[in-house]
Amino acid sequence: MKSIFTTLTLLFSISCFSQVANDSLQMWTLDEVTLTHLRYEQSKRNTAQQIESVSLKQIEFQSPQTLADLLGESGQLTVQQSQQAGGSPVIRGFEASRVLIVVDGVRMNNLIFRSGHLQNLITVDRYMVESADVLFGPSSSVYGSDALGGVVYLQTKEAKMLSQTGNRKFSGNFLSNYNTVNNGKSMHLDFNIAQGKWAALSAVSYNELGDLKMGKRRNG
């Protein structure tokens with residue numbers, strides 16, 4: 001009798017083993033993703049919105065005194081200047097709180113900032129601008145309701161790795177400019193340290209603009 005009970009108990013215990021389920025989670029490795037001001041990369045031909053760009057070569061060729069002069073001399077938009085170092089971009093009649101200025105993805109103004117001219121361009125060093133893109137027309141679906149008239153997107157220079165500098169660990173630039181029209185003087189120095197896995201970029205700029213004087217022959 002004891003042997004029969006032991007056999008039944010063994011069979012019962014064997015039938016109670018649960019089945020181990022395999023792990024259904026799968027890992028996927030994505031390639032490098034590049035983020036742009038349009039949130040995704042695409043060619044201008046496939047973009048319905050009008051976009052005009054100012055490249056680094058154009059910036060170096062024009063050699064403007066300020067960032068406001070750079071945008072105004074590009075011929076892509078109008079810049080209202082009530083002072084020498086400042087400037088408020090005007091896109092198709094829209095300005096101030098209807099035009100958004102973005103630097104490296106960070107907005108420089110907002111919808112409730114003010115309704116007058118916007119002078120935030122004075123805070124951006126034109127020597128550190130890599131490129132400038134002007135987005136014409138409403139861009140609220142991407143940047144918010146304060147981009148009703150358009151967007152001025154500024155991309156600044158980045159530190160370069162060792163593979164980008166031709167294996168030069170130390171590199172830099174020194175620029176100076178003088179304008180006789182207003183005795184404007186400007187100097188810029190940047191220094192790049194490159195390594196295999198990290199890089200650092202430091203820069204300093206100095207700008208001084210003289211006073212504009214009205215001529216002797218005024219009002220005819």
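# A walk through the predicted chain

The chain has 4 helices and 10 strands. This is a predicted model. From the N terminus onward, the elements run α-β-α-α-β-β-β-β-β-α-β-β-β-β. The chain counts 220 residues, and 32% of them are buried. About 15500 Å² of the chain is exposed. Carbon and sulfur atoms supply 55% of that area. Now take the contacts between residues with a separation of 6 or more. Of these, 56% join residues 24 or more positions apart.

Start inside, with S88. This residue lies in strand 3, which covers residues 88-90. Is S88 buried or exposed? S88 counts as buried, because its relative accessibility is 0% and the cut-off for buried is under 20%. Which residues does S88 touch, once its neighbours within four places in sequence are set aside? On the lower-numbered side, S88 is in contact with T78, V79 and Q80. On the higher-numbered side, the contacts are E95, A96, H117, L118 and Q119.

Next comes the charged surface. E60, D104, E130 and E158 gather there in a patch of negative charge. One of them, E60, sits in helix 2, residues 56-62. E60 has a relative accessible area of 55%. That makes E60 exposed, because exposed means over 50%.

Move on to strand 8, which spans residues 170-179 and holds N173. N173 has a relative accessibility of 42%, so N173 counts as partly exposed. Beyond its neighbours within four places in sequence, N173 is in contact with H188, L189 and D190. F191 is a useful partner to look up as well. N173 and F191 are 18 residues apart in sequence, yet their C-alpha atoms are 6.8 Å apart in space.

L189 leads to another surface feature. Together with F174, M187, V204 and Y206, L189 makes a nonpolar surface patch of about 500 Å². Which elements give two or more residues to the nonpolar patch? They are strand 9 and strand 10, the latter covering residues 199-208. V204 is a patch member that lies in strand 10. V204 counts as exposed, because its relative accessibility is 52% and the cut-off is over 50%. L189 thus appears twice in this tour: as a contact of N173 and as a member of the nonpolar patch.

Two asparagines in loops deserve a look at their backbone. Most residues other than glycine have a negative phi. N167 is not a glycine, but its phi is positive, at about 65 degrees. Where is N167 found? N167 lies in the loop between strand 7, residues 150-156, and strand 8. With 62% relative accessibility, N167 counts as exposed.

The second asparagine is N183. Its phi is also a positive value, near 55 degrees. N183 is in the loop between strand 8 and strand 9, and strand 9 covers residues 184-194. Is N183 exposed or partly exposed? N183 counts as partly exposed, because its relative accessibility is 43%, and partly exposed lies between the cut-offs of 20% and 50%.

To retrace the route on the model, begin at buried S88 in strand 3. Go out to E60 and the negative patch. Then follow strand 8 by way of N173, and end at the loop residues N167 and N183.

Definitions and conventions: Residues numbered from 1 in each chain as written. Predicted model: local features only at pLDDT ≥ 70, side-chain atom pairs only at ≥ 80, totals over all residues. Heavy atoms only, no water. Patch = residues over 30% accessible without salt bridge, like charges linked within 9 Å, V, L, I, M, F, W, Y side chains within 5 Å. Areas by Shrake-Rupley, 256 points an atom, 1.4 Å probe, with all protein chains shown as cover. Salt bridge = Lys/Arg side-chain N within 4 Å of Asp/Glu carboxyl O. Lys, Arg positive; Asp, Glu negative; His and termini not counted. Charge placed at Lys NZ, Arg CZ, Asp CG, Glu CD. Buried < 20%, exposed > 50% of the residue type's maximum accessible area, 1.4 Å probe, protein only. Contact = heavy atoms within 4.5 Å.
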